[in-house]
Amino acid sequence: MILVLADTTVLSNFAHTGRQDLLRRVFPELSAPRAVREELSAGERRGRIPVGDWSWLVLVDLSEAERLRAADLERYLQAGEAACLAVAEARGGLVVTDDSAARRLAGTLKLKISGTLGALVDLVRREILSLPQADALLAEMMTRGYRSPIRTLREVVPQI
């Protein structure tokens, strides 16, 4: 199974809708470096992210080489995104992020990437959500601060 690493941006989008369970359904073995979990917890403590059950999220410890690479990447990214990219670069895998700088850098590193929209599309393709349900969830995320580049998932995949 492919390693799937989420950063705080995607986790918080689903937390703001109270639908963390959907992330678990689309990525059953979803992982996050401890730096991401710490960012998420800090956001919960500050009231910026709703408190949720993340007990199912697999925490990833970085090797020494990954820690050094993450520290290097922190010149361009926040700690959570840097850790995700460092692990994905070393171990292979998919980085799930909406952070534009992280996505650009992941692209230059030839890493596989997805994000909130990719997760929503997968939920529809797997028939976990209908397209109207996914669009309603996207709209709710946008009202809670997600800056989506699209207004409806039909813009991304018209055939769903």
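Which residues touch the most other members of the largest nonpolar core? They are L11, F14, L23, F27, L30, L85 and L153, out of 56 residues in that core. The model is predicted.

**Core**

Helix α5 spans residues 79-91. This helix gives the most to the largest nonpolar core, with seven residues. L85 shows how such a residue is surrounded. Leaving aside residues up to four places away in sequence, L85 touches L73, L77, V95, A102, L105, A106, L109 and L111.

**Overall fold**

The protein chain has eight helices and five strands. Read from the N terminus, the order of elements is β-α-α-β-α-β-α-α-β-α-β-α-α. The C-alpha trace spans about 45 × 35 × 25 Å along its principal axes. The radius of gyration is 15 Å, which agrees with the value near 15 Å for a compact globule of 160 residues. Of the 160 residues, 49% count as buried. Contacts also reach across the sequence. Among contacts with a separation of 6 or more, 64% join residues 24 or more positions apart.

**Largest pocket**

The largest pocket has a volume of about 660 Å³. Its lining holds 26 residues, and T9, S12, N13, D98 and Y146 are the closest to its centre. Three elements give two or more residues to this lining: α1 (8-16), α3 (34-45) and α7 (116-125). Helix α1 provides the largest share, five residues. What is the make-up of the lining by class? There are 12 polar, nine charged and five nonpolar residues.

**Two positive phi angles**

Two loop residues deserve a look at their backbone. K110 has a positive phi of about 65 degrees, although this residue is not a glycine. E127 is not a glycine either, and its phi is positive at about 60 degrees. The table sets out both residues.

| Residue | Phi | Loop | Relative accessible area |
|---|---|---|---|
| K110 | about 65 degrees | between α6 (100-108) and β5 (112-114) | 73% |
| E127 | about 60 degrees | between α7 and α8 (131-143) | 72% |

Are these residues buried or exposed? K110 is exposed, because its relative accessible area of 73% is over the 50% cut-off. E127 is exposed as well, since 72% is also over 50%.

**In brief**

The chain combines eight helices with five strands. Its largest nonpolar core has 56 residues, with helix α5 as the main contributor. The largest pocket takes five lining residues from α1.

How values were computed
Residues numbered from 1 in each chain as written. Predicted model: local features only at pLDDT ≥ 70, side-chain atom pairs only at ≥ 80, totals over all residues. Heavy atoms only, no water. 1 Å grid on protein atoms, 1.4 Å probe; cavity = no way out; pocket = protein on both sides within 12 Å on 5 of 7 lines; lining within 4 Å. Points joined across faces, edges and corners; volume = space filled by probe spheres on them. Helix = DSSP H or I, 4+ residues; strand = E, 2+ residues; numbered from the N terminus. Nonpolar A, V, L, I, M, F, W, Y, C, P; charged D, E, K, R; others polar. Core = buried A, V, L, I, M, F, W, Y, C linked by side-chain atoms within 4.5 Å. Buried < 20%, exposed > 50% of the residue type's maximum accessible area, 1.4 Å probe, protein only. Contact = heavy atoms within 4.5 Å. Rg over C-alpha atoms; globule rule 2.2 N^0.38 Å.
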